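Subject: Handing over the structure

Dear colleague,

Here is the structure that I promised to pass on to you. Please open it beside this message, and then read through my notes below with the model in view.

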Amino acid sequence: MNSPATEPSFRESVDIMFNRAVALMDLPPGLEEKIRVCNATYTVRFGVRLRGQIQTFTGYRSVHSEHMEPVKGGIRFALGVNQDEVEALAALMTYKCSLVEAPFGGSKGGLCIDPREYDDHELELITRRFAYELIKRDLINPSQNVPAPDMGTGEREMAWIADQYKRMNTTDINGSACVTGKPTNAGGIQGRTEATGRGVQYALQEFFRDPEGLKKAGLSGQLDGKSVVVQGLGNVGYHAAKFLSEEDGCRIVGVIERDGALTDPKGLNIEAVRSWIGNHGGVAGYADATYVEDGASVLETDCDILIPAALEGVINLSNAERVVAPLIIEAANGPVTAGADAILRDKGTVIIPDMYANAGGVTVSYFEWVKNLSHIRFGRMQRRQEEARHQLVVDELERLSHHLGDKWSMTPDFKDKYLRGAGELELVRSGLDDTMRAAYQSMASVWHERDDVQDLRTAAYLVSIAKVAASYRAKGL
Ligand code: NAD
């Protein structure tokens with residue numbers, strides 16, 4: 001991003017935040033360094049014949065920590081991808097998986113490409129070739145390294161990767177588990193596409209159940225009616241904004257995209273904005289809101305909750321002082337630089353850190369991986385049995401009611417709701433909600449109980465590093 005030259009790189013920023021936390025821990029000598037460093041980064045350059053000539057692409061797959069395997073982390077398609085970035089993102093994956101107890105080490109990959117410059121067929125050729133290079137080195141493998149979607153990639157790319165793996169490993173019965181975020185008709189799980197945005201929603205719901213946290217942010221009441229600014233209406237930002245506005249009563253007063261921002265104090269219609277972007281490639285020209293050409297300036301809007309959900313480094317030394325939202329939830333990875341983090345902490349801004357805020361994606365990816373390895377959809381065995389048992393209770397209640405002269409009856413939709421056994425989507429949402437609540441509680445107890453911990457990010461690092469350290473200690477280095 002266009003941050004000042006004095007700003008540390010993304011990876012350095014992650015290391016600074018890591019170091020702040022380990023300074024409060026009592027780790028054995030050497031272990032701290034072992035956890036912090038990135039184990040390996042593989043760089044690949046490959047050619048693909050496109051439009052009558054060979055084009056060369058550069059990609060990376062970085063493995064941060066193998067204290068648990070497989071390692072896990074998305075694959076990003078963006079022009080800005082570089083080694084520093086994938087290493088920072090791989091490190092964040094280690095801490096994120098540890099915090100939400102997904103049994104993986106951290107990894108990340110990326111390809112330097114603007115996917116909008118290629119048609120579907122060209123993108124498939126490029127993705128398959130990149131996957132081929134990684135698969136033959138076991139950098140994509142169900143038991144060693146399992147990618148997922150990230151910026152610029154989605155379920156389509158994941159389906160190509162899974163298919164490529166299966167073509168190269170025809171007898172691997174667990175082949176589908178080599179990548180997550182696949183479409184449901186290609187081994188995916190319901191609720192994965194929306195999972196990261198859904199996780200942001202659950203994280204905010206849990207924060208609003210924490211009176212002490214709310215007090216520290218200077219907020220009160222419920223999510224209902226809170227004003228929200230979202231940067232990036234892609235997979236994560238769109239789903240978070242949609243659920244928060246449609247289900248929790250938030251007003252999305254600003255949406256920032258590549259080509260500018262839209263504002264409306266009464267609240268934007270997220271579906272309408274999303275479809276406008278889909279048809280016109282940006283927010284400019286959308287009629288039912290105020291258009292702001294300098295989109296980044298809208299990060300400084302006076303609102304209750306700021307959700308950066310696009311890319312890293314957008315809140316940095318150049319603008320942190322002017323960011324006034326009392327609560328920032330980092331839906332993107334690394335949107336606040338280490339320098340900006342210090343400025344915001346001094347101002348009393350509460351930041352719900354990326355490693356927690358966007359962990360919904362890896363959590364549901366974990367469920368998908370388990371589903372692929374067990375070769376059965378969640379809920380398939382027990383759903384009808386559950387319904388039959390509920391039916392017994394309803395029949396008995398109806399019999400009793402009749403016996404008492406029909407003086408009372410069940411509320412109209414109780415029967416329907418109660419009778420329905422949980423299918424895959426309900427189970428995924430329940431597992432995700434439980435994970436987000438438990439992880440918040442683990443961070444918040446450190447944040448509220450330790451005098452030397454002033455912020456949620458440090459608390460998150462403390463919880464997660466302690467678990468990684470315990471895992472290294474248990475297995476020996
Ligand atoms: P995406 O490609 O679906 O969406 C990114 C959005 O940001 C797009 O709408 C794009 O137009 C917009 N954008 C790009 N540059 C911008 C700029 N300079 N200003 C404003 N908007 C800009 O990506 P995504 O999957 O939603 O990922 C977004 C962030 O969330 C990334 O940091 C990613 O690492 C993180 N994340 C994603 C997932 C996931 O499951 N997809 C999981 C965890 C974390």
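How far is an oxygen atom of the ligand from an N or O atom in the side chain of R76? The distance is 2.9 Å, and please keep in mind here, as everywhere below, that this is a predicted model.

**Around the ligand**

The side chain of R76 is one of several places where the protein meets the ligand through polar atoms. A backbone N or O atom of G152 lies 3.0 Å from a ligand oxygen, and a polar backbone atom of V236 is 2.9 Å from an oxygen atom of the ligand. If the ligand is taken alone, 830 Å² of its area is exposed, and the protein buries 87% of that. Two elements, α8 (235–247) and β8 (251–257), give two or more residues each to the shell around the ligand.

The ligand is surrounded by 23 residues, of which R76, D150, T196, E257 and N333 are the closest. When the residues of this shell are sorted by character, 10 are nonpolar, eight are polar and five are charged.

**The strands**

Strand β8, which you have just met as a contributor to the shell, is largely enclosed by the rest of the structure, because six of its seven residues are buried. It runs parallel to β7, to which it is joined by five bridges, and one example to look for is V230, whose bridge partner in β8 is V255.

Strand β7 (residues 227–231) also pairs with β11, again in the parallel sense, and here there are four bridges; V229, for instance, has L306 of β11 as its bridge partner. From β11 you can go on to strand β12 (residues 327–329), since these two strands pair in the parallel sense over two bridges, and L306 appears once more, with I328 as its bridge partner in β12.

Which way do the residues of β11 (residues 305–308) point? I305 and I307 point one way, whereas L306 and P308 point the other way, and all of them are buried.

**Two residues of helix α12**

Helix α12 covers residues 360–374 and contains S365, and E368 lies in helix α12 as well. Is S365 buried or exposed? Its relative accessible area is 1%, and because a residue counts as buried when that value is under 20%, S365 is buried. The side chain of S365 makes a polar contact of 2.9 Å with the side chain of R192. Leaving aside neighbours within four places in sequence, S365 is in contact with K72, A148, T180 and R192.

E368 has a relative accessibility of 0%, so E368 counts as buried too. If residues up to four places away in sequence are not counted, E368 touches V179, T180, G181, K182, G187, G188, I189 and R192.

**A residue for contrast**

Finally, please look at L392, which is found in helix α13 (residues 383–403). Because its relative accessibility is 59%, L392 counts as exposed. V179, which you saw among the residues that E368 touches, makes a useful reference point here: the C-alpha atoms of L392 and V179 are separated by 41 Å, and the two residues are 213 residues apart along the chain.

With best wishes,
Your colleague

Key. Residues numbered from 1 in each chain as written. Predicted model: local features only at pLDDT ≥ 70, side-chain atom pairs only at ≥ 80, totals over all residues. Heavy atoms only, no water. Near = heavy atom within 4 Å. Polar contact = N/O pair within 3.5 Å; in protein donor to acceptor, adjacent residues only side chain to side chain. Areas by Shrake-Rupley, 256 points an atom, 1.4 Å probe, with all protein chains shown as cover. Nonpolar A, V, L, I, M, F, W, Y, C, P; charged D, E, K, R; others polar. Buried < 20%, exposed > 50% of the residue type's maximum accessible area, 1.4 Å probe, protein only. Contact = heavy atoms within 4.5 Å. Pairing = 2+ DSSP bridges.
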